[in-house]
Number of protein chains: 2
Amino acid sequence: MRVPRKTGNSKLVKKLNKEEVLQQVIQHGQISRADISKQTQLSRPCVSALVDEMIQEGLLQEVGMGDSRGGRKPILLEYNYQAYAIAGAIFEGSTLDMTIANLKGEFMARCRKRLDQPANGERVIEDLVAGLTRLLADSGMSHDQLLGMGVGLQGVTQRGQGTVSFSPSTGWMDSPIQEALEARLGVPVIIDNDVNLMTLGEYVRGVGVGHSHVVYMYVGTGIGAGVILDGQFYRGSREAAGEIGFMMIGPEQHRRNGASGVFETHYSVPGIMQQAEGVLSDLQEGSSVIEELILHARAGSVQAQTLLDDVYRHWAYGMANIVSILNPELLILSGEMVHIDDEGVKKIQEWLTEWVPKVPCLKKATLGEQAGLIGAVHSVLEAFPSTRLLDKA
Amino acid sequence: MRVPRKTGNSKLVKKLNKEEVLQQVIQHGQISRADISKQTQLSRPCVSALVDEMIQEGLLQEVGMGDSRGGRKPILLEYNYQAYAIAGAIFEGSTLDMTIANLKGEFMARCRKRLDQPANGERVIEDLVAGLTRLLADSGMSHDQLLGMGVGLQGVTQRGQGTVSFSPSTGWMDSPIQEALEARLGVPVIIDNDVNLMTLGEYVRGVGVGHSHVVYMYVGTGIGAGVILDGQFYRGSREAAGEIGFMMIGPEQHRRNGASGVFETHYSVPGIMQQAEGVLSDLQEGSSVIEELILHARAGSVQAQTLLDDVYRHWAYGMANIVSILNPELLILSGEMVHIDDEGVKKIQEWLTEWVPKVPCLKKATLGEQAGLIGAVHSVLEAFPSTRLLDKA
DNA sequence: ACTGTTAGTTAAACTTACTAACAAAGTTAT
DNA sequence: ATAACTTTGTTAGTAAGTTTAACTAACAGT
């Protein structure tokens, strides 16, 4: 763990002030030197000097005059969002989704590619490189401007170490993939679990905007959660926070060491499918269990309705536990949960109100498959705050 | 919410450097100017200037010479832990426990007092004032040196607002007690729940030392938990984090709006007592249910053993849920749980290993009734880091 | 006694932000 | 139209802090 230097000299002061000036420009979109001075309490000459330097460095631009407020017109400044670029990549099943974004996090180019199956680790790296090269060309950015790349994948990742221990869809197993990619791409790389990145995506651009205590609950092949506390992603002592599939919810079976957790076994998509065997004769590829169950229930199937209620109720148990421990202000439902109908949401909400004192807001995820890419881009953006851009220039 | 000024001038630098110098002295106990310079990367003249100022302010002292390392002997510096004092108070049942501590958190004087029952809010405040006056006299500190007071009580507190909404033992109901106390005592006051303060106590001086992801699980009249994540106390969006009594563990009963949670109802001390009615004929005041159950079980009572196992198992469910969500590195068992015998702990540990992938260390609380007072003192100590002492001087 | 080393201090240089004064470019009132 | 006032941005000099370089003090080993 690198301890940040706590001591400072005048250089530090300058850096801090520059950062704050940049922050003001980003926050206000367009702002004059005089207004920055008012906002930051820095003297006008000081702001001018800092701004001039940052214009030299290419981080800021003068973009015309503002309206007069009784005196000389202000020169408006803007952040140059095109100064650097960020790459994002998400592996979803056997497809690789990539994007290039500017410093605002806006996508400037995208591409998608099918991966050969079974996946070959080496080959996948080359696919990433090829995609990146193409995206850089499409977006008109140069490799020098690339700050880094965020990569999300289904599987078990150790973001802290930059390693992946289990990821069949990419063919990466127990490998220090971050290092390998950084060496090959020549830029910093962040590796993370796709649920974590989706969480981040919804937090910065989706339903999570404006909240600082958010839990993103995902039900798919497995059950997991992304946890944001006090505006910070929480990962746990060994990066296993949010592994809510292991909660003791549902019929407990003995001796299920390793593998999946109790909650996950019964109430993830495969778990529900198994329970639904008698009810849903056959489920076609690509359709949702919950949707099907809802259809059958509406058509009068008591069995379907019973199963649905059971699933909702146990999902609500999970939520109640999360809420009891973390007291979030927002719970985002994603994955299979987005198919819950209004009636279902209402039921769950009523149960929670009955069970726990401080019920958070419940909202379904809204960004769909974009969430992961947005999160990937923002994970890099977070690792490169304005601070580090100033160093780079 | 007050936004901390992010911009800086030379004053800020000086403050930062002074803080860091102070930090080094605190960390090393005794250290010379030269060594501080090496540790902090500040130049020797600079360190000398800062140290001299702090000696003037009474925060540091020269305490003799160190051994020569081939040249002139170093002058050793020490932090003046007696420069300021901190008061702590804990209400436990109908007794008020108070202390005065130095800046190291060491108790310099203590006193205990029985409160009249039923408690009268006004009267209790005067008891606090009286106790404080006496402790200041006993410890030889002056009121000017008092930095603040930490107060812990059983009940529902809103530390952020400094209010108490429900606390029968002190007679404070729905009152802005922090403000009242600050006005009466003339120093900053921190009000918090006793479980939170015990958590903090065990974290800084008990079994939690050296860990940064700790959950302190308390079973008493109710069930609650204190949560420390990444070295920071986590309170939740509406100060309701750690309200684990509301987890959905145990037989679910309908319509139990408000009041206590499902887990709490069945597995807190009163809950267990109720279940034990047939087993333990009568329980004398002041003894522990778990101890009694263990005794009966050892004496051959199958019923007692069954109930004990059931309790352990459900407590373990709670732990599993906590661990799944938070992935702490340490789980502190306190309250009634300290009476679990080794066999019981082992059982719980085995269950957890079976259920969840990353089992934390399980340890019983060790500080006993001291924990709360230590936490109370440290809550003030945290609110007055070296930063603010420098401002004060 | 001489050399080499460590601790602490003094003096000048350097970096940064601040204040005060000023120039530029507007608006408003007469 | 002109003068007075405002707001914006810049220039010049000052103040506060840290750093470097040199110096004194004090000590160990030979």
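Visitor: Which atom of DNA strand C is 2.9 Å from the side chain of B:R69?
Guide: A phosphate oxygen of DNA strand C is 2.9 Å from an N or O atom in that B:R69 side chain. Please keep in mind that this is a predicted model.

Visitor: Which residues are the closest to DNA strand C?
Guide: The closest are B:R44, B:S48, B:R69, B:R72 and B:I75, and 28 residues surround the strand.

Visitor: What does B:R44 lie 2.6 Å from?
Guide: A polar side-chain atom of B:R44 lies at that distance from a base oxygen of DNA strand C. Chain A has a contact with a base too: a polar backbone atom of A:R72 is 3.3 Å from a base nitrogen of DNA strand C.

Visitor: How many of the strand C atoms within 4 Å of the protein, in percent, belong to sugar or phosphate?
Guide: Sugar or phosphate accounts for 63% of those atoms of DNA strand C, and bases make up the rest.

Visitor: Which helix gives the most to the surface near strand C?
Guide: That is α1(A), with five residues. At least two residues each come from α1 (10–28) and α3 (44–57) of chain A, and from α2 (33–40) and α3 (44–57) of chain B. By residue type, the surface near DNA strand C has eight nonpolar, eleven polar and nine charged residues.

Visitor: Now strand D. Which residues are closest there?
Guide: DNA strand D is surrounded by 29 residues, of which A:R44, A:S48, A:R69, A:R72 and A:I75 are the closest. Of the strand D atoms that come within 4 Å of the protein, 67% are accounted for by sugar and phosphate.

Visitor: Which side chain has an N or O atom 3.1 Å from a phosphate oxygen of strand D?
Guide: That side chain belongs to A:K38. The side chain of A:R69 also has an N or O atom 2.9 Å from a phosphate oxygen of DNA strand D. From chain B, a polar side-chain atom of B:N17 lies 2.9 Å from a phosphate oxygen of the strand.

Visitor: And which helix gives the most near strand D?
Guide: It is α1(B), with five residues. The elements that each supply at least two residues are α2 (33–40) and α3 of chain A, along with α1 (10–28) and α3 of chain B. The surface near DNA strand D divides into eight nonpolar, eleven polar and ten charged residues.

Visitor: Leaving the DNA, where is A:F166?
Guide: A:F166 is placed in strand β9 (residues 163–166) of chain A. Together with A:V156 and A:M173, A:F166 forms a nonpolar patch on the surface, and the three have about 270 Å² of accessible area together.

Visitor: Why does A:F166 count as partly exposed?
Guide: Its relative accessible area is 47%, and partly exposed covers values between the buried limit of 20% and the exposed limit of 50%.

Visitor: Is A:L146 buried or exposed?
Guide: A:L146 is buried, because its relative accessible area is 2%. A:L146 lies in strand β7 (residues 146–153) of chain A.

Visitor: Over to chain B. What does the side chain of B:T157 reach?
Guide: The B:T157 side chain reaches the backbone nitrogen of B:N193 at 3.2 Å. B:T157 is in strand β8 (residues 156–158) of chain B, and counts as buried because its relative accessibility is 10%.

Visitor: Last one: where is B:S94 found?
Guide: B:S94 is in the loop between β4 (85–92) and β5 (95–101) of chain B. At 19% relative accessibility, B:S94 counts as buried. B:S94 and B:P168 are 74 residues apart in sequence, and their C-alpha atoms are 9.7 Å apart in space.

Definitions and conventions: Residues are numbered from 1 along each chain as its sequence is written. Chains are lettered from A and ligands numbered from 1 in the order in which they are written. This is a predicted model: local features need pLDDT of at least 70, side-chain atom pairs count only at pLDDT 80 or more; totals for chains, interfaces and linings use all residues. Side-chain values use heavy atoms; hydrogens and water are left out. Patches are made of residues with over 30% relative accessible area and no salt bridge: like charges are joined within 9 Å, nonpolar side chains (Val, Leu, Ile, Met, Phe, Trp, Tyr) within 5 Å. Accessible areas come from the Shrake-Rupley method with a 1.4 Å probe; for residues, only the protein chains shown count as cover. A salt bridge is a side-chain nitrogen of Lys or Arg within 4 Å of a carboxyl oxygen of Asp or Glu. Helices (H or I, at least four residues) and strands (E, at least two) are DSSP runs, numbered from the N terminus. Buried means under 20% relative accessible area, exposed over 50%, partly exposed in between (1.4 Å probe, protein chains only). A residue is near a molecule or strand if one of its heavy atoms lies within 4 Å of it. A polar contact is a pair of N or O atoms within 3.5 Å; within protein, one must be able to donate a hydrogen and the other to accept it, and residues adjacent in sequence count only if both atoms are side-chain atoms. Ala, Val, Leu, Ile, Met, Phe, Trp, Tyr, Cys and Pro count as nonpolar, Asp, Glu, Lys and Arg as charged, and the others, Gly among them, as polar.
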